[in-house]
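Hi there,

Here is the structure I promised to pass along. Have a look, and then read on for what turned up in it.

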Amino acid sequence: ADLSAVMAGVKLDLMDARMDGDTAIIEVFAFWGGMEIYVPKDWTVTSKVATVMGGFIDKRRPTSTPATKTLVITGSVIMSGIEVKN
């Protein structure tokens, strides 16, 4: 998936999504905006996001559910923020 937010916001809810393989990639670009990405409890999230005066934060709650899938988030965040939640 590709997500872009310029002076706006994006909310992506993947809670009921099913991944075909073991890994999925989301490419993000945020400039003066923000993103919220909701993922299932059994997904591992890996960040490869470059931030400039912005941030990437993983706000998922701890769970005892073993991880079965991996979501890789890549891209750029400039004066913006990305939050991953479950």
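**Lys 85 and the core**

Lys 85 sits in strand β8; strands (E, at least two residues) are DSSP runs numbered from the N terminus. This is a predicted model, where local features need pLDDT of at least 70 and side-chain atom pairs count only at pLDDT 80 or more, while totals for chains, interfaces and linings use all residues. Residues are numbered from 1 along each chain as its sequence is written, and side-chain values use heavy atoms, with hydrogens and water left out.

Lys 85 has a relative accessible area of 19%, so it counts as buried (under 20% relative accessible area, 1.4 Å probe, protein chains only). Its contacts (heavy atoms within 4.5 Å) include Glu 36, Tyr 38 and Arg 60, leaving aside residues up to four places away in sequence. Lys 59 is also touched by Lys 85; their C-alpha atoms are 5.1 Å apart, although 26 residues separate them along the chain.

The side chain of Lys 85 also makes polar contacts (N or O atoms within 3.5 Å, one able to donate a hydrogen and the other to accept it; residues adjacent in sequence count only if both atoms are side-chain atoms). One joins it to the side chain of Glu 83 at 3.1 Å, and another to that of Glu 36 at 3.2 Å.

Ile 73 is worth a look too: among the residues it touches are Val 28, Ile 37, Phe 56 and Val 84, again not counting those up to four places away in sequence.

Best wishes

Definitions and conventions:
Helices (H or I, at least four residues) and strands (E, at least two) are DSSP runs, numbered from the N terminus. Buried means under 20% relative accessible area, exposed over 50%, partly exposed in between (1.4 Å probe, protein chains only).
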